[in-house]
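Me: Hey, I've just opened this one and have no idea where to begin. Can you walk me through it?

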Amino acid sequence: MKPTTEAAFEATIEEYLLTHGGWHKGSATDFDPQLALTSKDLFSFIRDTQPSLWQQLEKAHGPALEPGLLEAIVKAMDTRGSLDVLRHGFKFYGKRIDCACFKPAHALNSETLERYRRNRLVVTRQVFFSPEGNDSIDMVLFLNGIPVATVELKNRLTGQTYEHAIAQYKHDRPPTAPLLQFKKRALVHFALDSELVYMTTALLRDKTRFLPFNRGHEGGAGNPQHDSGYRTGYLWQDIWQFDSFL
C-alpha cells in the first residue's frame, strides 16, 4: 500500500536508500546552515582516506586544524564551486586534500577501490537550510558532508504534485541561502511526486526553469510503471544508487 502522507513518502525513499542504495542516515542537527555543509562527515572522510596527511596536519595545527579546514574548504567552494572541489579537492597550507574518490576509467586496483568505497553518501530529511529562518527542505543528499542535491517531494494522495514542489522552490526557497547558492553548494534541485520528476540547477525565484527528468512513456512524456509501485521509483532505485550517484 502506498503511503498517504508526504512524510511517509519521504520515509519510503529514505528506507530504500539506506537498505539498498548504499546510503547512510543523516541528522539535520549535524548540518551547519551558515557553512552549508556537514563537517562531521567531511572530517571522517579525510581521516579515513588520507590518514597520513591527517596526522601530519593534526601535528602541525593541533586544535586549530578543523576550524582551519572549514575556512579553507568554504573559501574554495565559494570561489571555485562545490563540483570543482569535489573533483579536485582543496589546498590547505600547501597540501591538497581530497573531498571525494571517483572510479577512474581504467581498471581499479584494490587500494583505489577501497578508497572509492569509503565515500560516504548521506540522506538527511527535513534540513533547516537558512541561518535566519525555520523552513526546512524535505531531503538533502550529501557526498562526504558536501551537499549535492536538494529534494522537495509531494504525495498526490494529499492533493499535491511536483508543481507544488516547484512553486515552493520558486517562492519559499531563497536562492541567497548558502545551501542554495548556484554552483557554490547543492548542484541540483529535484521536485517530484509519485508520477513525475523535474529538476533545476539554478534557483532564480520566478525565473527558475525546471526541466523534466523523466524516462518517457510510449513515445511521449511521463514515466512507465515501475516495480517499486511508483513511476518515479527509478530516481531513488537507479539514479541515486551508490555507483550511479557518484
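Reply: Sure. Keep in mind that this is a predicted model. A good place to start is the largest pocket, which has a volume of about 330 Å³.

Me: Which residues are closest to the centre of that pocket?

Reply: They are L83, V148, L187, F245 and L246, out of 14 residues that line the largest pocket.

Me: And which elements give two or more residues to the lining?

Reply: Those are α5 (82–88), β7 and α9 (242–245). The largest share comes from α5, with three residues.

Me: How does the lining divide into nonpolar, polar and charged?

Reply: Twelve of the lining residues are nonpolar, one is polar and one is charged.

Me: OK, you mentioned β7. Where is that, and what does it pair with?

Reply: Strand β7 covers residues 188–192 and pairs with β6 in the parallel sense, over five bridges. It is also joined by four bridges to strand β8 (residues 197–200), and there the strands run antiparallel.

Me: Which residues stand opposite each other there?

Reply: Between β6 and β7, E152 stands opposite A191, and V151 stands opposite F190. Over on the β8 side, A191 stands opposite Y198.

Me: How does the chain get from β6 to β7?

Reply: It crosses through helix α7 (residues 162–172), and this β-α-β crossover is right-handed.

Me: And how many residues join β7 to β8?

Reply: Four, in a hairpin.

Me: Is β7 buried or exposed?

Reply: Buried. Five of the five residues of β7 are buried, so the strand is largely enclosed by the rest of the structure.

Me: Which residues go on which side?

Reply: V188, F190 and L192 are on one side, with H189 and A191 on the other. Both faces of β7 are covered, as all of these residues are buried. As background, side chains in a regular strand alternate between the two faces of the sheet.

Me: What about β6, buried or exposed?

Reply: Buried as well. Strand β6 spans residues 146–153, and eight of the eight are buried, so it is largely enclosed by the rest of the structure.

Me: What does β6 do with β5?

Reply: Strand β5 (residues 136–143) pairs with β6 in the antiparallel sense over five bridges. V140 is the residue that stands opposite T150 in β6.

Me: Which residue in that hairpin takes a positive phi?

Reply: N144, with a phi near 55 degrees. The hairpin of β5 and β6 has two residues between the strands.

Me: Back to that helix for a second. I clicked on Q168. What is it in contact with?

Reply: Q168 is in helix α7. Leaving aside neighbours within four places in sequence, Q168 is in contact with E152, K154 and R173. You've met E152 already, as the residue opposite A191 in β7.

Me: Why does Q168 count as buried?

Reply: Because its relative accessibility is 17%, and buried means under 20%.

Me: Changing topic: where is G62?

Reply: G62 is in the loop between α3 (51–61) and α4 (65–80).

Me: And how accessible is G62?

Reply: G62 is partly exposed, with a relative accessible area of 27%. That value falls between the cut-offs, since buried is under 20% and exposed is over 50%.

Me: Last one: how far apart are G62 and R209?

Reply: They are 147 residues apart in sequence and 46 Å apart in space, C-alpha to C-alpha.

Terms used:
Residues are numbered from 1 along each chain as its sequence is written. This is a predicted model: local features need pLDDT of at least 70, side-chain atom pairs count only at pLDDT 80 or more; totals for chains, interfaces and linings use all residues. Side-chain values use heavy atoms; hydrogens and water are left out. Buried means under 20% relative accessible area, exposed over 50%, partly exposed in between (1.4 Å probe, protein chains only). Two strands pair if DSSP finds at least two bridges between them. A crossover is right-handed if, with the strands pointing away from the viewer, the path from the first strand over the helix to the second runs clockwise. On a 1 Å grid over the protein atoms alone, a cavity is a set of points where a 1.4 Å probe fits but cannot get out, and a pocket is an open set with protein on both sides within 12 Å along at least five of seven lines; lining residues have an atom within 4 Å of a point. Grid points are joined across faces, edges and corners, and a volume is the space filled by probe spheres set on the points. Ala, Val, Leu, Ile, Met, Phe, Trp, Tyr, Cys and Pro count as nonpolar, Asp, Glu, Lys and Arg as charged, and the others, Gly among them, as polar. Contact means heavy atoms within 4.5 Å.
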